[in-house]
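Reader: I have a chain on my screen and some questions about it. Can we go through them one at a time?

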Amino acid sequence: MSDETPPAISPSWGPMRSFGRIKSRTLKPRQADLFDTLLPTIEVNDALIAQLIAGDLGGYNELWLEIGFGGGEHLAAQAERNPQALILGFEPFLNGVGSLLRHVDERGLTNVRLMPGDARPVIDRLNAASVDKVFILFPDPWPKARHHKRRFIQIETLDALARVMRDEARLRFATDWADYADWTLERATTHPAYHWPAQSPSEWNTPPVDHVTTRYEEKKLGDCAPVFLDFYRRARN
C-alpha cells in the first residue's frame, strides 16, 4: 500500500470480527435517550469526513483517534485535558457508546466525535499524514491461536494507520496479555513505517504520564501487568 494514496472505501476489509459482542445489557434510559438526542450531533458521518478531507478541523489544531474506546473514560479524560485536539472515537459495543455519550454530556465536551462501529473504513477515507495521535488500548486479545486473525493489530491495519499518521505521530498500544504484546511488537518493529524508541522495561511496564486508567484495566483480566507500547511514525522520504 502506498503511503500517500488512499485505497477505495474498502470492501476489501470485509466484516469486522475483532470484537466479541455488540451489546450485553439493556441500555439505561438516560443512555438510550442520548443515542437519540446527542449522538446525531457528534457522530462520525459523511459530512464530517468530507470536512476533514477538505482540511477543516473545525477550529481544532490536531486530529486524534481512539479505536475501541470501551467505556469511554480514557477518551473523555483526554478530550477534557486536550481541548486543542478533535478526537474521533470508534467502538462497536453499544453499551460502551452509551457510556461515552454520558461522559460527553456530563462534562460538556465539544471536541469528541464518535462512531458506533468499525474504524477501518473511516481511516481509509482520511487524508494522508493528517492524524497526530492514535490510541488502541486493551483491545480484545483473542488469545486462542485459531482466533489470532481477529486481532485488530494486523499488518493491514498498521499499513492503513501509517498512511494517515503524520511524521512522528504516536500510536499507543496497551494490553494485559503477554502474547498480544509480543504479537504487536513483532509486527510494528519490523514495519518500515514505525520506530519504537523504548530502551528499558520501565518504559513499557510503567503507565505513561498522560495515561488514564480505565475500568477494564482495573479488572486485571489478562495474564500480565499492563504493557504500554508507544510507536512513532517514521519521517517520510
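Reader: In which helix is A160 found?

Author: A note before the answer: this is a predicted model. The helix in question covers residues 155-164. A160 falls in that stretch, helix α7.

Reader: Is A160 buried or exposed?

Author: Buried means under 20% relative accessible area. A160 has 3% relative accessibility, so A160 counts as buried.

Reader: How far apart in space are A160 and L126?

Author: Along the sequence, 34 residues separate the two. From C-alpha to C-alpha, A160 and L126 are apart by 9.9 Å.

Reader: Which element gives the largest share of the largest nonpolar core?

Author: The largest nonpolar core has 40 residues. I67, L88, V134, I136, L161, L171 and Y194 touch the most other members. Five residues of this core, its largest share, come from α7.

Reader: How many residues are in the other core?

Author: That core lies apart from the largest one. Among its members are L27, L34, V104 and A174. Its residues number 25.

Reader: Which residues does L171 contact, leaving aside neighbours within four places in sequence?

Author: L171 is in contact with V134, I136, L158, L161 and M165, among others. V134, I136 and L161 are also listed with L171 among the core residues that touch the most other members. The rest of the L171 contacts are Y194, L229, D230 and F231.

Reader: What does L185 touch, not counting residues up to four places away?

Author: L185 is found in helix α8, residues 178-189. Its C-alpha atom is separated by 9.7 Å from that of F173, 12 residues apart along the chain. Beyond its sequence neighbours, L185 touches T190, W196, L229 and F231.

Reader: Are α1 and α5 roughly parallel or roughly perpendicular?

Author: The axes of α1 (residues 29-37) and α5 (residues 94-107) come within 9 Å and cross at roughly 80 degrees. Angles of 65 to 115 degrees count as roughly perpendicular. That makes α1, relative to α5, roughly perpendicular.

Reader: Which residues of α1 make the contact with α5?

Author: On the α5 side, the contact includes L94, V97, L101 and E106. On the α1 side, it is made by R30, Q31, L34 and F35.

Reader: UniProt places a "binding site" at E66, E91, D118 and D140; what is the largest C-alpha distance?

Author: The UniProt entry is unreviewed. The four positions are spread over 75 residues of sequence, yet they cluster in space. Their largest C-alpha distance is 14.5 Å.

Reader: Is E91 buried or exposed?

Author: E91 sits in the loop between β2 (85-90) and α5. Its contacts beyond four places in sequence include G68, F69, M115 and P116. With a relative accessible area of 9%, under the 20% cut-off, E91 is buried.

Reader: K144 and Y216 also carry a "binding site" feature in UniProt; how accessible is K144?

Author: That feature, from an unreviewed entry, also takes in D176, T214, R215 and E217. K144 lies in the loop between β4 (131-137) and α7. At 45% relative accessibility, K144 counts as partly exposed.

Reader: And which residues is Y216 in contact with, leaving aside neighbours within four places?

Author: Y216 is found in helix α10, residues 215-219. Y216 is partly exposed, with a relative accessible area of 27%. One of its contacts, D176, is also listed by UniProt under the "binding site" feature. The full set is F138, D176, W177 and L221.

Definitions and conventions: Residues are numbered from 1 along each chain as its sequence is written. This is a predicted model: local features need pLDDT of at least 70, side-chain atom pairs count only at pLDDT 80 or more; totals for chains, interfaces and linings use all residues. Side-chain values use heavy atoms; hydrogens and water are left out. Helices (H or I, at least four residues) and strands (E, at least two) are DSSP runs, numbered from the N terminus. Buried means under 20% relative accessible area, exposed over 50%, partly exposed in between (1.4 Å probe, protein chains only). UniProt positions are given in the numbering used here, feature names are shortened, and annotations may be inferred rather than shown by experiment. Contact means heavy atoms within 4.5 Å. A nonpolar core is a set of buried Ala, Val, Leu, Ile, Met, Phe, Trp, Tyr and Cys residues joined through side-chain atoms within 4.5 Å. Axes are lines fitted to C-alpha atoms, for helices over the stretch in contact, and angles run from 0 to 180 degrees between N-to-C directions. Angles under 35 degrees count as roughly parallel, over 145 as roughly antiparallel, 65 to 115 as roughly perpendicular and the rest as oblique.
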